[in-house]
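Good morning, and thank you for joining this meeting. I would like to introduce a structure that may be new to many of you.

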Amino acid sequence: DELALRRKLPEARLYLSSGMENPLARLLSRFGYEFSNVYANISSSPVRGLDGIVQIDTLKTPSVQLDEIRFDVSSDIDNTSYELKVANGKDNPQYSFTARLAGEMLANGSSATLTIDDKDGRRGIDIGLSALMEADGIRMKIAEREQILGYRAFRPNEGNYVFFGKGMRVAADLKLQADDGTGVQIYTNDDNLEALQDITLSLHKLDLAGLLSVVPYTPDITGV
């Protein structure tokens with residue numbers, strides 16, 4: 001659990017501030033990697049947990065340019081929360097977007113929410129997940145609120161889950177459905193005790209191009 005992991009942390013602090021004019025930056029540029037600024041200030045403690053920030057501005061690789069990467073982490077007495085932000089401004093030559101992954105490490109699991117906004121600020125992705133440890137496995141579920149996939153609103157079924165049990169057995173009852181009937185369903189036949197992974201995936205009117213259009217740097221894929 002989160003507190004058990006915390007107790008294994010060392011007592012340490014990392015501080016780094018770097019611009020473009022230094023040996024490390026010049027070495028990375030020889031391999032096609034450049035950045036305008038890197039800043040990190042992270043503290044670690046088996047009692048207080050993790051706290052701090054890492055920020056990279058204008059990271060360029062041979063195929064990707066990211067204007068801002070920022071990671072924040074903080075801990076209280078019980079939980080550790082984090083947020084990863086990746087953003088490109090409107091002048092970026094590739095994609096303009098803002099993506100955030102925010103979550104918590106809990107006593108018996110973790111939760112996370114992923115959002116992606118396009119260049120106009122429209123929300124194309126907003127999905128929340130949790131994974132909780134149980135006595136005989138791990139239970140994952142989608143938050144029982146409106147989810148957004150490819151700009152389209154979906155509602156998950158109440159009590160949805162995908163359960164990964166001991167002995168590699170999988171059980172699932174998960175449905176996402178939009179008002180126009182577009183949907184995704186994952187379910188298992190739990191009466192079949194001989195099969196470990198008796199899983200059925202059903203897609204109905206799902207527009208893959210629309211779903212992936214908001215996700216930067218994904219290949220062009222079409223299909224319904």
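Allow me to begin with a definition: helices, of at least four residues, and strands, of at least two, are DSSP runs numbered from the N terminus. Please note that this is a predicted model. On that basis, the protein chain contains 3 helices and 15 strands.

Let me turn to the overall form. Taken along the principal axes, the C-alpha atoms fill a box of roughly 65 × 45 × 30 Å. The chain has 224 residues, of which 30% are buried. Its exposed area is about 13500 Å², with 56% supplied by carbon and sulfur atoms. Of the contacts between residues at least 6 apart in sequence, 35% join residues at least 24 apart.

I now move to a set of paired strands. Strand E10, residues 147-149, pairs with strand E11, residues 152-156, in the antiparallel sense over 3 bridges. Here glutamine 147 stands opposite phenylalanine 154 in E11. The two strands form a hairpin with 2 residues between them, and glycine 150 in the turn has a positive phi of about 60°. E11 also pairs with E13, again antiparallel, over 2 bridges. In that pairing, proline 156 faces leucine 176 in E13.

Leucine 176 also brings us to the largest pocket, as one of the residues that line it. This pocket has a volume of about 170 Å³. Which strands each supply at least two residues of its lining? They are E8 (123-134), E13 (170-177) and E14 (183-188). Other lining residues include Ile127, Leu149 and Val184. As to character, the lining comprises 9 nonpolar residues, no polar and no charged.

How values were computed. Residues are numbered from 1 along each chain as its sequence is written. This is a predicted model: local features need pLDDT of at least 70, side-chain atom pairs count only at pLDDT 80 or more; totals for chains, interfaces and linings use all residues. Side-chain values use heavy atoms; hydrogens and water are left out. On a 1 Å grid over the protein atoms alone, a cavity is a set of points where a 1.4 Å probe fits but cannot get out, and a pocket is an open set with protein on both sides within 12 Å along at least five of seven lines; lining residues have an atom within 4 Å of a point. Grid points are joined across faces, edges and corners, and a volume is the space filled by probe spheres set on the points. Ala, Val, Leu, Ile, Met, Phe, Trp, Tyr, Cys and Pro count as nonpolar, Asp, Glu, Lys and Arg as charged, and the others, Gly among them, as polar. Two strands pair if DSSP finds at least two bridges between them. Buried means under 20% relative accessible area, exposed over 50%, partly exposed in between (1.4 Å probe, protein chains only). Contact means heavy atoms within 4.5 Å. Accessible areas come from the Shrake-Rupley method with a 1.4 Å probe; for residues, only the protein chains shown count as cover.
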